[in-house]
Amino acid sequence: MGEVRPIVRVGDPVLHAPCEPVTRFDDALRALVDDMFASMYAADGVGLAANQIGVPLRVFVYDCPDDDGVRHRGVVVNPALKLPGVGERRLDAGEEGCLSVPGQYAPLPRSDRATVHGSDAEGRPVTVEGTGMLARCLQHETDHLDGHLYIDRLPAKRRKQVLAAYEQSLATGQIPTNNPPGT
Ligand SMILES: [Zn+2]
């Protein structure tokens, strides 16, 4: 089920532009979703956006634990992210990583709760509510589809450091790993 496709890395234009909404819920979409799950598992990821395998469509998949350690798995097509209001928002200052910037991590405050509305691969409405790592994942994947990486949310100096460390790892031939899990 599904073909493992290479993960696109930071610097590729497909990661830095907004993705197009899905309008056809057909076999091609279902094949894309199968490929996304296969590629996510092959990379040991907990989430993956379609543009991370080079397809500029608003689709992401996830298989990620929440704050209680309960695993959630699914696909969201045309996601819309909803966060608690600023007054009710609690930030989790945990570390974040990304399969498209392999081997690098940085602390990034994110809301500890998030909700995504969208549809599944058949076009049926879905709502995913997440806490903990799942909340972070839902925000991270929606950012991808908007053309943003998590490093774009870091202070400029920290972003530069992460990219320099990544470039260094490529230059020295170190194989970047993703552990803790990336998205
Ligand atoms: Zn990512």
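Two strands pair if DSSP finds at least two bridges between them. In this predicted model, strands S2 (59–65) and S3 (71–82) run antiparallel and are joined by seven bridges. Asp63 has Arg73 in S3 as its bridge partner. The two strands form a hairpin with five residues between them. In the turn, Gly69 has a positive phi of about 80°. S2 also pairs with S1: three bridges join these strands, which again run antiparallel. Here Ala49 is partnered by Phe60 in S2. S2 is mostly covered, with five of its seven residues buried.

The overall fold comes next. The protein chain contains three helices and nine strands. Along the sequence, the pattern is α-β-β-β-β-β-β-β-β-β-α-α. The radius of gyration is 16 Å, close to the 16 Å that the globule rule gives for 183 residues, so the chain is as compact as a globular protein of that length. Its C-alpha atoms fill a box of roughly 45 × 40 × 30 Å along the principal axes. Of the 183 residues, 36% count as buried. Among contacts with a separation of 6 or more, 68% come from residues 24 or more positions apart.

The interior was then examined. In soluble globular proteins, nonpolar side chains tend to be buried together. In this model, the largest nonpolar core has 38 residues. Those with the most contacts inside this core are Val33, Met36, Ala50, Val59, Phe60 and Val61. Two or more core residues come from each of H1, S1 (47–49), S2, S3, S8 (113–119) and H2. H2 gives the most to this core, with six residues. Val59 illustrates the packing. Outside its neighbours within four places in sequence, Val59 is in contact with Val22, Leu32, Val33, Ala50, Val75 and Val77.

Ala50 also links to the segment before helix H1 (27–42), where Cys19 lies. Cys19 and Ala50 are 31 residues apart in sequence, and their C-alpha atoms are 8.6 Å apart in space. Beyond four places in sequence, Cys19 is in contact with Ala50, Asn51, Pro56, Leu57, Arg58 and Leu145. Cys19 is buried because 21 other C-beta atoms lie within 10 Å, against a cut-off of 20 or more.

Annotated positions were mapped onto the model. An unreviewed UniProt entry gives the annotation "binding site" to Cys98, His140 and His144. These residues span 47 residues in sequence, yet no two of their C-alpha atoms are more than 10.1 Å apart, so they gather at one spot. Cys98 sits in the loop between strand S5 (95–97) and strand S6 (105–107). Cys98 counts as buried because it has 27 C-beta neighbours inside 10 Å. Leaving aside neighbours within four places in sequence, its contacts are Leu149, Tyr150, Gly182 and Thr183.

His144 belongs to helix H2 (residues 132–145). With 24 C-beta neighbours inside 10 Å, His144 is also classed as buried. His144 touches Ala49, Asn51, Gln52 and Phe60, residues up to four places away not being counted. Asn51 is thus listed as a contact of both His144 and Cys19.

For "active site", the unreviewed UniProt entry lists Glu141. Glu141 is also found in helix H2. Glu141 is buried, with 26 other C-beta atoms within 10 Å. Excluding neighbours within four places in sequence, Glu141 is in contact with Gly47, Ala49, Phe60, Tyr62 and Thr183. Ala49 and Phe60 appear in the contacts of Glu141 and in those of His144. Ala49 and Phe60 are also the bridge partners noted above. Thr183 is in contact with Glu141 and with Cys98.

The remaining helix is H3 (residues 156–171), which has 16 residues. H3 reaches 22 Å from its first C-alpha to its last, close to the 22 Å expected at 1.5 Å a residue. Just after H3, Gly173 takes a positive phi of about 70°.

Key. Residues numbered from 1 in each chain as written. Helix = DSSP H or I, 4+ residues; strand = E, 2+ residues; numbered from the N terminus. Buried ≥ 20, exposed ≤ 12 C-beta atoms within 10 Å, placed from the backbone. Contact = placed C-beta atoms within 7 Å. UniProt positions renumbered as here; feature names shortened; annotations may be inferred. Expected span 1.5 Å × (residues − 1). Core = buried A, V, L, I, M, F, W, Y, C linked by C-beta atoms within 7 Å. Rg over C-alpha atoms; globule rule 2.2 N^0.38 Å.
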